[in-house]
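Visitor: I would like a close look at a single part of this model, namely the sheet, together with whatever packs on it. Please take me through it strand by strand.

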Amino acid sequence: MFANPRVGEFITNTCQRCNRIVRSQLALRSVRLARTRLVVRDVPVDVCPACGHMISVAPHGVEQLREAGWSK
């Protein structure tokens with residue numbers, strides 16, 4: 001079982017925009033839910049250092065999105 005990464009830690013990930021393997025940093029960002037106007041603040045996400053693109057949502061950030069009505 002893996003421990004949840006904390007804000008500021010680095011994670012190796014693949015950026016879909018850059019098409020490169022990057023060392024992304026976990027940061028807090030506002031995430032807009034698809035097909036709604038709802039914006040959830042302070043969600044932990046992986047951010048590409050090269051282009052600033054949000055790569056993925058951290059596992060413990062998914063719970064915040066579910067509470068906001070993202071999951072069905």
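Guide: What follows goes from the sheet as a whole to its strand pairs, then to the helix and the core, and ends with a few individual residues.

The model is a predicted one, and every statement below should be read as describing that prediction. The sheet is open and has four strands, arranged in the order β1-β2-β3-β4 with antiparallel pairing. The edge positions are taken by β1 (10-15) and β4 (54-57), each of which has a single partner strand, so one side of each is left without a neighbour in the sheet. On average, neighbouring strands of this sheet are turned by 55 degrees against each other when direction is ignored.

Consider the pairing at the β1 side. Six bridges join β1 and β2 in the antiparallel sense, and among the residues of this pair Ile-11 stands opposite Ser-24 in β2, while Thr-12 stands opposite Arg-23 in β2. The two strands form a hairpin with four residues between them. Asn-19 lies in the loop of this hairpin, between β1 and β2, and has a phi near 55 degrees, a positive value in a residue other than glycine. With a relative accessible area of 62%, Asn-19 is exposed.

Ser-24, the partner of Ile-11, lies in strand β2 and is buried, with a relative accessible area of 0%. Leaving aside neighbours within four places in sequence, Ser-24 is in contact with Glu-9, Phe-10, Ile-11, Asn-13, Asp-46, Val-47, Cys-48, Pro-49 and Ile-55.

The next pair is that of β2 and β3. Strand β2 (residues 20-32) pairs with β3 in the antiparallel sense over seven bridges; along this pair, Gln-25 stands opposite Val-47 in β3, and Val-31 has Val-40 as its bridge partner in β3. These strands also form a hairpin, here with six residues between them, and Arg-35 in the turn has a positive phi of about 60 degrees. A positive phi of about 55 degrees is found at Asp-42 as well, although Asp-42 is not a glycine, and the place of this residue is in strand β3.

Helix α1 (residues 59-67) packs on the sheet and touches β2, β3 and β4, its direction making about 160 degrees with that of β3. Within α1, Gly-61, Val-62 and Leu-65 are buried. Seen down the axis of α1, the buried residues fall within an arc of 110 degrees, so they line one face of the helix. An α-helix has 3.6 residues a turn, so residues three or four places apart point the same way. The buried residues of α1 pack against β2, β3 and β4, whereas on the other side of the helix Glu-63, Arg-66 and Glu-67 are exposed. Just after α1, Gly-69 takes a positive phi of about 105 degrees.

The helix and the sheet both appear in the make-up of the nonpolar core. The largest such core has seven residues, namely Val-31, Leu-33, Val-40, Val-43, Val-45, Val-47 and Leu-65. Strand β3 (residues 39-47) supplies the largest share of this core, with four residues. Leu-65, a member of the core, is also one of the buried residues of α1, and Val-31 and Val-40, likewise members, are the bridge partners already described. Val-45 belongs to the core too; leaving aside its neighbours within four places in sequence, this residue is in contact with Gln-25, Leu-26, Ala-27, Arg-29, Val-31, Met-54, Ser-56, Val-57 and Ala-58.

The loop between β3 and β4 remains, and in this loop Gly-52 is found. At 30% relative accessibility, Gly-52 counts as partly exposed. Leaving aside neighbours within four places in sequence, Gly-52 is in contact with Arg-29 and Val-47, the latter being a residue of the core. The C-alpha atoms of Gly-52 and Arg-17 are separated by 9.6 Å, and these two residues are 35 residues apart along the chain.

How values were computed:
Residues are numbered from 1 along each chain as its sequence is written. This is a predicted model: local features need pLDDT of at least 70, side-chain atom pairs count only at pLDDT 80 or more; totals for chains, interfaces and linings use all residues. Side-chain values use heavy atoms; hydrogens and water are left out. A nonpolar core is a set of buried Ala, Val, Leu, Ile, Met, Phe, Trp, Tyr and Cys residues joined through side-chain atoms within 4.5 Å. Buried means under 20% relative accessible area, exposed over 50%, partly exposed in between (1.4 Å probe, protein chains only). Contact means heavy atoms within 4.5 Å. Two strands pair if DSSP finds at least two bridges between them. Axes are lines fitted to C-alpha atoms, for helices over the stretch in contact, and angles run from 0 to 180 degrees between N-to-C directions. The arc is that of the directions from the helix axis to the C-beta atoms.
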